[in-house]
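Dear colleague,

I am passing on the structure below, together with my notes on it. Please read the notes with the coordinates open beside you.

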Amino acid sequence: MPLRVLPPVLLLAIFTSQIVLVRTVALTPWKGGGFGMFSTLDHGAYRRVSVIVEAPDRSERVEIAPSIEEEEARAVACPSDRLLRRLAVAVAERERRHERPVSSVAITVWRVEFERGSLAPEERALRTFVYDARR
Amino acid sequence: MGDWYVRPAVLGLAVLSLVSPGILRKPHTWLALAVLTAWRIAADWPLADNHIYLLGYWCLAAAIGLRKGEPPMSLKTSGRYLIGLAFACAVAWKLILSPDFIDGRFFRVTLLTDPRLVGAAQLVGGLTDAEIEANRQALEPLPEGAQRLEPLPIVESARLRGFAMAATWGVLLLEAAVAALMLLPNRPLIEAARHVSLLTFCFTTYAFAPVAGFGWLLLVMGAVQVRSSQRWLRNTYIGAFVVVLFYSEIPWSGMVLDLFRTA
């Protein structure tokens, strides 16, 4: 195989793997090198996370701090176990730095879907991940 | 250009290539740029935009072409296939893989909510500022799956809906044309049609799409296809490069809208 076919072959291999990631771990089609940008409303502007921190005598929804917004953006774009865990660990560490108790962090990634025709919006849960912070 | 540890290396290689044509033509320079681009994609995963991947393939193609000692012909072929395949992937997503493009939902919602497109939506669709704001609220979902008892109405003029459908099919057909023409074998008529389709895509798409870097990369890959005798065509590519810069720096649709309002 001549070496010059390597770039197009790489492009097709990454396109194929991107489709697999979209279908298996809900990677947004806009990312991952599959050229799916501007093809769907399933992207960062219509996804978000909610975070609930639990501890004895505590169950509280927390906002994402600016210092961990990048971890949030990664988890929103690709809610895989690895990226959700990284976000959960960052949340738990921040809680501890502020001397707030934390035993678990539950992260849910939400996506907005628009009804065909009427465009009525509805938020649906894409994935929920619970991190045991006592370990 | 990536994080702090990638940026200086990329900028350093770019500056060295500008001052020394010898470095510019070394395959190792382009291989290093391809590796740095791949590193940037891995470090940013999954946030890198698609044109960063295309940039990586292009740098790799340049490294391979320079290694063979036939850079112009090799780059022409690689550029053609890379543009063709990238557009074919984009068409596959829009036509087959996405559930909300062909039925027009993507452009209907995006025209009403994306601040970069609202000016165009108002120009074409004739919506007022108040209607745009009301639509934004109507398209904002209640949290966690809750539903309104009475859904808020969405104001869409017939012209705006027509514009959304025209954009849907126009983008799809233009991208399919670029993909097909780039992947078809070389013939004089096909070569001419390639340039027309790619330049049309860049002149129209980047007036709205806020990814000038993608446009510039496509224009560079298109310009490589130009024969040395086609000076006017080369100058058109240079002009298109400047036009994409204009689109990215000037909020032209808002300015035209203001002009209409004051007239």
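**Chain A**

Of the 135 residues of chain A, 39% count as buried. Please keep in mind throughout that this is a predicted model. Chain A is built from 3 helices and 4 strands, and these follow one another along the sequence in the pattern α-β-β-α-α-β-β. Its radius of gyration is 18 Å, well over the 14 Å that the globule rule gives for 135 residues, so chain A is more spread out than a compact globule. Taken along the principal axes, the C-alpha atoms of chain A fill a box of roughly 60 × 45 × 25 Å. Among the contacts in chain A between residues at least 6 apart in sequence, 51% join residues that are at least 24 apart.

Two residues of this chain deserve a look at the backbone. Ala26(A), which is found in the loop between α1 and β1 (47-55) of chain A, has a phi near 60°, a positive value in a residue other than glycine. Ala26(A) is partly exposed, with 17 other C-beta atoms within 10 Å. Leu119(A) lies in the loop between β3 and β4 (121-132) of chain A, and its phi, near 65°, is again a positive value in a residue other than glycine. Leu119(A) counts as partly exposed, with 19 C-beta neighbours inside 10 Å, where 20 or more would make a residue buried.

**Chain B**

Chain B has 13 helices and 0 strands, and its C-alpha trace spans about 65 × 45 × 40 Å along the principal axes. Buried residues make up 35% of the 263 residues in chain B, and among its contacts between residues at least 6 apart in sequence, 61% join residues at least 24 apart. The mean pLDDT of chain B is 91, and 97% of its residues reach 70 or more.

The chain is divided into domain 1 (1-69) and domain 2 (70-141 + 150-262), and the C-alpha centres of these two domains of chain B lie 26 Å apart. Where they meet, 13 residues of domain 1 of chain B are in contact with 12 residues of domain 2 of chain B; the domain 1 side of this contact has 8 nonpolar, 3 polar and 2 charged residues.

One backbone feature should be checked here as well: the peptide bond from Trp45(B) to Pro46(B) is cis, with omega near 0°, and Pro46(B) has its place in the loop between α3 and α4 of chain B.

**Where the chains meet**

The predictor gives the complex an ipTM of 0.94 and a pTM of 0.93. In the model, 38 residues of chain B are in contact with 38 residues of chain A. On the chain B side, the elements that give two or more residues are α4 (50-68), α5 (71-97) and α6 (105-113), and the largest share, 12 residues, comes from α5(B). By class, the residues on this side of chain B divide into 24 nonpolar, 7 polar and 7 charged.

How much of α6(B) is buried? The count is 7 of its 9 residues, so α6(B) is largely enclosed by the rest of the structure. Among these buried residues are Arg105(B), Phe106(B), Phe107(B) and Arg108(B). The buried residues of α6(B) pack against β3 (104-114) of chain A together with α7 (115-125), α8 (129-138) and α9 of chain B.

**The nonpolar cores**

The largest nonpolar core has 52 residues, and those with the most contacts inside it are Trp58(B), Cys59(B), Leu82(B), Ile83(B), Ala86(B) and Phe87(B). Both chains take part, since the elements that give two or more residues to this core include α1 (6-25) of chain A as well as α3 (27-44), α4 and α5 of chain B. α4(B) gives the most to this core, with 13 residues, and the core draws at least three residues from each of domain 1 and domain 2 of chain B.

Leu82(B) illustrates this arrangement: leaving aside residues up to four places away in sequence, Leu82(B) touches Pro7(A), Pro8(A) and Leu11(A), along with Leu54(B), Tyr57(B), Trp58(B), Ala61(B) and Met221(B). A second, separate core of 23 residues includes Val22(A), Ala77(A), Leu87(A) and Val109(A).

With best regards

Methods
Residues numbered from 1 in each chain as written. Chains lettered and ligands numbered in written order. Predicted model: local features only at pLDDT ≥ 70, side-chain atom pairs only at ≥ 80, totals over all residues. Contact = placed C-beta atoms within 7 Å. Nonpolar A, V, L, I, M, F, W, Y, C, P; charged D, E, K, R; others polar. Rg over C-alpha atoms; globule rule 2.2 N^0.38 Å. Buried ≥ 20, exposed ≤ 12 C-beta atoms within 10 Å, placed from the backbone. Domains from an automatic or database assignment. Core = buried A, V, L, I, M, F, W, Y, C linked by C-beta atoms within 7 Å. pLDDT = per-residue confidence, 0-100.
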